Amino acid sequence: MQLDHIGIAVNSIEESSRVWVDALGLVLEGIEVVESQKVRVAFLPLGSTRIELLEPTADDSPIARFIQTRRPGIHHIAVEVDDIDSAVGRAKGSGLQLLSDAPVKGAHGTRVIFIHPSSTGGVLLELVQRPKEG
Ligand code: ZN
C-alpha cells in the first residue's frame, strides 16, 4: 500500500494553480470531470504521491457542501490498494462506516470508495484501486 494522493477542496482549480504551479513549480497533469462526484479534478505529481485539486461542478456536489461548511482545504487522504473489493470487505469487517456500498468509478479509470471520518478519527479516507496495466 502507499499514499496515492491528498485531496484538496478548492473553489477554482485555475486560481489554486497560482500556488501549486506558479509558486511551487508542480506540474498540472490535466483536468478531468468525475460525474459521479460532481467535481473537476486536477492531479499534480509530487514525489511518489500527488496533490488532487477538487473543484465542485454543482451546488449539491459533496465538495461544494464541504467548502460551504468548512472552507476550502484538505478534504481527504487516498491510499492505494491492490484489491479494493477485499479492502472493502476488511473495512466492513472491522466495523468501519463506508460512504457507499460498493466502489465507484474515480478519475483515470480507478475504482474508489470512501470511509467516513467518524470511523477513522476525523480523516475522510479514500481507497483507490488503479486500473490494471495492459
Ligand atoms: Zn481523491
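**Note on the predicted model: helix faces, partly exposed residues and positive phi values**

1. L3 counts as partly exposed, because its relative accessible area is 34%. This residue belongs to strand 1, which comprises residues 2–9. Together with I77 and V123, L3 makes a nonpolar surface patch of about 190 Å². The model under review is a predicted one, and the points below should be read accordingly.

2. Helix 1 spans residues 13–23, and its buried residues are I13, S16 and S17. Viewed down the helix axis, these buried residues fall within an arc of 115°, so they line one face of helix 1. The other side of the helix carries the exposed residues E15, R18, D22 and A23.

3. The cover over the buried residues of helix 1 includes three strands: strand 2 (31–34), strand 3 (39–46) and strand 4 (49–56). A reader inspecting the model may wish to view I13, S16 and S17 together with these strands.

4. Both ends of helix 1 merit a remark. At the N-terminal end, S12 acts as a cap, with a side-chain oxygen 3.3 Å from the backbone nitrogen of E14. After the helix comes G25, which has a positive phi near 90°.

5. Helix 2 covers residues 62–70, and I63, A64, F66 and I67 are buried in it. Around the axis they cover an arc of only 160°, which means that they lie on the same side of helix 2. Q68 and T69, on the other side of this helix, are exposed.

6. Which strands do the buried residues of helix 2 pack against? They are strand 1, strand 3, strand 4 and strand 5, the last of these being residues 73–80. Strand 3 and strand 4 are also among the elements that cover the buried residues of helix 1. Strand 1, for its part, holds L3, the residue discussed in the opening point.

7. L46 is located in strand 3. It counts as partly exposed because its relative accessibility is 37%. Setting aside residues up to four places away in sequence, L46 touches L26 and I51. The C-alpha atoms of L46 and V27 are 8.7 Å from each other, while the two residues stand 19 residues apart along the chain.

8. Several backbone phi values deserve attention. As a general matter, most residues other than glycine have a negative phi. K38, which is not a glycine, has a positive phi near 55°. Its place is in the loop between strand 2 and strand 3. With a relative accessibility of 32%, K38 is therefore classed as partly exposed.

9. H108 is likewise not a glycine, and its phi is positive at about 55°. The residue is in the loop that runs between strand 6 (104–105) and strand 7 (111–115). Is H108 buried, partly exposed or exposed? Its relative accessibility is 40%, so H108 counts as partly exposed.

10. A further positive phi, of about 70°, is found at R71, just after helix 2. Helix 1 is also followed by a residue with positive phi, namely G25. On inspection of the backbone, R71, K38 and H108 may be considered together with G25.

Definitions and conventions:
Residues are numbered from 1 along each chain as its sequence is written. This is a predicted model: local features need pLDDT of at least 70, side-chain atom pairs count only at pLDDT 80 or more; totals for chains, interfaces and linings use all residues. Side-chain values use heavy atoms; hydrogens and water are left out. Buried means under 20% relative accessible area, exposed over 50%, partly exposed in between (1.4 Å probe, protein chains only). Helices (H or I, at least four residues) and strands (E, at least two) are DSSP runs, numbered from the N terminus. The arc is that of the directions from the helix axis to the C-beta atoms. Contact means heavy atoms within 4.5 Å. A polar contact is a pair of N or O atoms within 3.5 Å; within protein, one must be able to donate a hydrogen and the other to accept it, and residues adjacent in sequence count only if both atoms are side-chain atoms. Patches are made of residues with over 30% relative accessible area and no salt bridge: like charges are joined within 9 Å, nonpolar side chains (Val, Leu, Ile, Met, Phe, Trp, Tyr) within 5 Å. Accessible areas come from the Shrake-Rupley method with a 1.4 Å probe; for residues, only the protein chains shown count as cover. A salt bridge is a side-chain nitrogen of Lys or Arg within 4 Å of a carboxyl oxygen of Asp or Glu.
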